[in-house]
Amino acid sequence: MLKFLSKVKIEFNALDPRLACCMEFLAQCNASKAKESNPACQLIVKRRTDDHPPQIAVTFVNGVEEVFDATSTPAQTIRSMILEKGQLLETEQMFREAGEAWPVIIPDEELKQPFTGIKPRKAEDKQ
């Protein structure tokens, strides 16, 4: 997960009962496998003393920052969203390295063409 990120900032008040997501996400970031995937990723933990709700801010390697409300978003959901965006970044990088335009634009006429690679099954084959 960390291989797609350059910075992770986790903010929470230690007395806030809504801090579970932050603690779980922090544990995931501190896991040896995550750290090995990107040792250069900056992990910042800000312990607050005010009523500010817990939040997790991540900066992707391309500089895009995203802030998650840790009171209503489970850590696993945040992790999944990071992995999904990370795969998109990898795909984009592959296309750019190959000299292809990004994003890939598929013409409407190609989208409307029937796909002939799959033959319909006959009724007797379905049994």
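Two strands pair if DSSP finds at least two bridges between them; strands (E, at least two residues) and helices (H or I, at least four) are DSSP runs, numbered from the N terminus. This model is predicted, so local features need pLDDT of at least 70 and side-chain atom pairs count only at pLDDT 80 or more, while totals for chains, interfaces and linings use all residues. Residues are numbered from 1 along each chain as its sequence is written, and side-chain values use heavy atoms, with hydrogens and water left out.

**Exercise 1. Work out the strand order of the sheet and find its edges.**

Step 1: Start with strand 1 (residues 5–13), which runs parallel to strand 2 and is joined to it by seven bridges. Within this pairing, look for Asn13: opposite it stands Arg48 of strand 2.

Step 2: Extend the picture to the open sheet, whose four strands follow the order 2-1-3-4 with mixed pairing.

Step 3: Strand 2 (42–48) and strand 4 (65–69) each have a single partner strand, so they stand at the edges and one side of each lacks a neighbour in the sheet. From one strand to the next, the twist averages 15 degrees.

**Exercise 2. Place two helices against the sheet.**

Axes here are lines fitted to C-alpha atoms, for helices over the stretch in contact (heavy atoms within 4.5 Å). Angles run from 0 to 180 degrees between N-to-C directions.

Step 1: Helix 1 (residues 20–30) lies across strands 1, 2 and 3 (strand 3 being 55–60), at about 145 degrees to strand 1.

Step 2: Helix 3 (residues 75–97) lies across strands 1, 3 and 4, and runs at about 10 degrees to strand 3.

**Exercise 3. Trace the salt bridge between Lys85 and Glu66, then compare the burial classes of its partners.**

A salt bridge puts a side-chain nitrogen of Lys or Arg within 4 Å of a carboxyl oxygen of Asp or Glu.

Step 1: The Lys85 and Glu66 side chains meet at 2.5 Å, N to O. This pair links distant parts of the chain, with Lys85 in helix 3 and Glu66 in strand 4, 19 residues apart.

Step 2: Apply the classes: buried is under 20% relative accessible area, exposed is over 50%, and partly exposed is in between (1.4 Å probe, protein chains only). Lys85 has 36% relative accessibility and therefore counts as partly exposed, whereas Glu66 counts as buried because its value is 18%.

**Exercise 4. Follow the salt bridge of Glu11.**

Step 1: Glu11 pairs with Lys9, their closest N and O atoms being 3.8 Å apart.

Step 2: Glu11 is buried because its relative accessible area is 7%, while Lys9, at 27%, counts as partly exposed.
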